[in-house]
Amino acid sequence: FGNGDVKFIDSQWGTIDFSEAIFMGGGTLDFSGAKVNGNNLWTFIDLGEKDLNFATSSKGRVFEASGKKFFISIKRHTGKTVSFQGAILRSHLSGFNFEGATGLKQLQLNDSVWQGRAGVVQNLCFQGSGSLQLCRADLSMLQEFTISKVSVKKGLVRFATTVFPGQGLTRIGFEKIGNSKVDFENAVFGGALAIAQEAKFDRECEVSFKGATFQGPVEISNLSFGSVPNFIATQFSKHLSLDGVEYDYERAKRLFSPDPNNSNAGKLQRLKELAENNSDHRLALQCYADEMRARRWQLRNMGSKAAD
């Protein structure tokens with residue numbers, strides 16, 4: 001398939017094999033509104049510069065995958081966009097391996113519905129700026145959901161208002177997160193959650209769990225945040241582990257300058273509460289000291305600032 005769009009819009013298949021198909025040049029490989037039902041293990045040897053589209057079609061039909069498996073592996077791809085917005089993934093195993101997607105700028109999974117047993121997203125690397133969008137998605141029926149080896153040099157990773165597995169396990173692994181924002185605001189985790197840092201990286205990212213609900217046990221291990229993580233208005237029903245969590249609280253550069261981020265005091269207070277409840281005395285003491293500095297810097301009295 002050469003330069004230009006390749007369209008399978010609103011088509012219906014059982015099991016199909018793309019392992020010998022070669023796609024070259026730009027354009028879009030378009031599966032919007034299509035339906036597949038079978039054991040679909042799609043290996044794309046070369047997608048060229050084509051964007052991949054599995055989003056809702058212009059006629060309002062959504063992409064649906066059911067059957068034993070729907071798993072896409074990309075060996076070579078220099079296109080910028082992959083979209084599954086609004087897709088319904090009912091296969092027992094649904095997943096994507098983006099190992100060869102070296103030009104990717106955006107992965108769009110907003111409003112998707114996952115209703116099988118397991119969901120997987122792996123080897124997602126944005127070489128420059130990029131965004132992973134998994135907002136307003138419904139994963140509540142899954143037994144297990146895993147995102148691993150995610151790297152974003154500069155960009156946005158969003159899971160806002162997504163409902164994660166209700167009874168199973170959610171695993172999220174960051175390989176490298178640069179000067180980026182990671183957003184879990186108002187997400188719901190019905191089952192267990194494990195978030196880990198899979199490789200050592202500099203403390204640059206900004207992370208927010210504001211308003212999120214955690215109904216199962218939570219393990220956040222060895223994460224290095226670029227700023228104070230935001231746990232304001234979060235709800236935890238079971239055990240929380242913050243083992244090895246670090247943040248970089250930058251104090252004002254000049255003696256009389258106020259805290260450059262007025263929300264730091266509230267974020268530190270909430271993180272301190274969580275650390276105390278978890279008997280993490282080191283983190284609790286660090287948060288307490290930084291919270292006092294933040295609150296003193298907010299005072300208008302110059303002497304209070306200078307005393308710090």
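Here is a friendly conversation about a predicted model, covering its sheet, salt bridges and a few surface residues.

Trainee: Let's start with the sheet of 4 strands: in what order do they come?
Mentor: Happy to. The sheet is open and its pairing is parallel. β14 (163-164) and β23 (235-236) each have a single partner strand, so they stand at the edges and one side of each lacks a neighbour in the sheet. With β14 at one end, the order is β14-β17-β20-β23.

Trainee: Which residue stands opposite V188?
Mentor: Look at the pair β17 and β20, which run parallel. Residues 188-189 make up β17 and residues 213-214 make up β20, with 2 bridges joining them. Opposite V188, in β20, you will find T213.

Trainee: On to charges: how many salt bridges does the structure hold?
Mentor: One of them joins the side chains of D10 and R61, at 3.0 Å from N to O. Another group is a network that links K35, E64 and R90. For the whole structure, the count is 10.

Trainee: How many residues apart in sequence are D10 and R61?
Mentor: Start with where they sit: D10 is in the loop between β1 (6-7) and β2, while R61 is in the loop between β5 (51-53) and β6 (64-74). D10 is partly exposed at 22% relative accessible area, and R61 is partly exposed as well, at 40%. The salt bridge therefore ties together parts whose separation in sequence is 51 residues.

Trainee: R76 and D46 also form a salt bridge; which of the two counts as buried at 17% relative accessibility?
Mentor: Their closest N and O atoms are 2.9 Å apart. The pair links distant parts of the chain, with R76 in the loop between β6 and β7 (81-83) and D46 in the loop between β4 (35-44) and β5, 30 residues apart. R76 has 42% relative accessibility and counts as partly exposed. Buried means under 20%, so the residue that qualifies at 17% is D46.

Trainee: What about D290 and R293: how far apart are their closest N and O atoms?
Mentor: Both residues belong to helix α2 (residues 281-298), and because they are 3 residues apart there, about one helical turn separates them. D290 counts as buried at 8% relative accessibility, whereas R293 is partly exposed at 24%. In their salt bridge, the closest N and O atoms are separated by 2.8 Å.

Trainee: Which residues make the nonpolar surface patch of about 260 Å²?
Mentor: One member lies in the loop between β2 (12-13) and β3 (28-30), namely I22. Patch residues need over 30% relative accessible area, and I22 is partly exposed at 37%. The full set is I22, M24 and I45.

Trainee: Last topic, D5: is this residue buried or exposed?
Mentor: D5 is found in the segment before β1. The cut-off for exposed is over 50% relative accessible area. At 51% relative accessibility, D5 counts as exposed.

Trainee: And which backbone nitrogen lies 2.9 Å from a polar atom of the D5 side chain?
Mentor: Leaving out residues up to four places away in sequence, D5 touches G27 and T28. In the same region, D5 and L29 are 6.0 Å apart, C-alpha to C-alpha, although 24 residues apart in sequence. The backbone nitrogen you want belongs to T28.

Conventions:
Residues numbered from 1 in each chain as written. Predicted model: local features only at pLDDT ≥ 70, side-chain atom pairs only at ≥ 80, totals over all residues. Heavy atoms only, no water. Pairing = 2+ DSSP bridges. Patch = residues over 30% accessible without salt bridge, like charges linked within 9 Å, V, L, I, M, F, W, Y side chains within 5 Å. Areas by Shrake-Rupley, 256 points an atom, 1.4 Å probe, with all protein chains shown as cover. Salt bridge = Lys/Arg side-chain N within 4 Å of Asp/Glu carboxyl O. Buried < 20%, exposed > 50% of the residue type's maximum accessible area, 1.4 Å probe, protein only. Contact = heavy atoms within 4.5 Å. Polar contact = N/O pair within 3.5 Å; in protein donor to acceptor, adjacent residues only side chain to side chain.
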